[in-house]
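Please find below a colleague's note on the interior of this model. The points concern its nonpolar packing, one histidine pair and its enclosed space.

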Amino acid sequence: MGGMDTQRAGQDVGVDLAAVAGLLADGTRAAFCLALLDGRAWTAIELARHAGVAPSTATSHLNLLVNGGLLAEERHGRHRYVRVADRRVVELIEGLAALAPQQTARPSSLSASGRQQALARARLCYDHLAGTVALAITDAMVGRGLLEWGSEPGLTSGGVSWLAEVGITVPSGSRRPLVRACLDWTERRPHLAGAVGAALCSHALTVGWVTRIGTTRALAVTTTGRRAWSDYVGLPTDDL
């Protein structure tokens, strides 16, 4: 009876939560979604290689994710690419990843260990920074009075002036919140997201404060970036 009651309750409110949960209940599909948090569009072959499955298997899983609304597809000529459908999906995946049990299995190789460490240190979370570096930057901005970081995160007047000083432009006219706290799935603490977080990340990539590591979403802080964060928010270079 319990299962029938649950199914009936879902029908009564017009929401099939189990359908969305089922899409992410498969390990391969979950791995695809985590990889796509780098904000780029991937091909089925690239995702198959990433997850260690056959291209045909990857295509079947991707069709389910696209039909379920979690991914969107783009076609360029004969090539098909997929990406995360929108920011709501990003928030869902990051939130679930933060709640998921930490894996205790040891990396199979030194290269795998290095990739894990790089991702935990600094990475793209769709369009903003994540990892220990992002948390250090967020903490430093809060300490400088640039951010309000309570139950309702926001940008202070000092933060507005700081953005102009640094040369970071936040697009206007968007319904997106200026500042949002995004729970970091490796550190289990929130880092800066929202329009300000996206603008800061875009600026950091454009001026070379951070660079991509290979084809993953891991990032490395450059020497220029260390100096910049030290100058602009007083962040010790050892924290980067």
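The numbered points below take these topics in turn.

1. The model is predicted, so that local features need pLDDT of at least 70 and side-chain atom pairs count only at pLDDT 80 or more, while totals for chains, interfaces and linings use all residues. Residues are numbered from 1 along each chain as its sequence is written, and side-chain values use heavy atoms, with hydrogens and water left out.

2. The largest nonpolar core (buried Ala, Val, Leu, Ile, Met, Phe, Trp, Tyr and Cys residues joined through side-chain atoms within 4.5 Å; buried means under 20% relative accessible area with a 1.4 Å probe, protein chains only) has 31 residues. Those touching the most other members are Met141, Trp162, Leu200, Trp229, Val233 and Leu235. Two or more residues each come from helix 8 (132-143), helix 9 (157-166), helix 10 (194-207), strand 11 (219-221) and helix 11 (223-233); helices (H or I, at least four residues) and strands (E, at least two) are DSSP runs numbered from the N terminus. Helix 8 contributes the most, 6 residues. A further core of 22 residues lies apart from this one and includes Leu36, Ala48, Leu62 and Val89.

3. His191 belongs to strand 9 (residues 190-193). It counts as buried because its relative accessibility is 0%. Its side chain makes a polar contact of 3.2 Å with that of His128 (N or O atoms within 3.5 Å, one able to donate a hydrogen and the other to accept it; residues adjacent in sequence count only if both atoms are side-chain atoms).

Note on methods
Buried means under 20% relative accessible area, exposed over 50%, partly exposed in between (1.4 Å probe, protein chains only).
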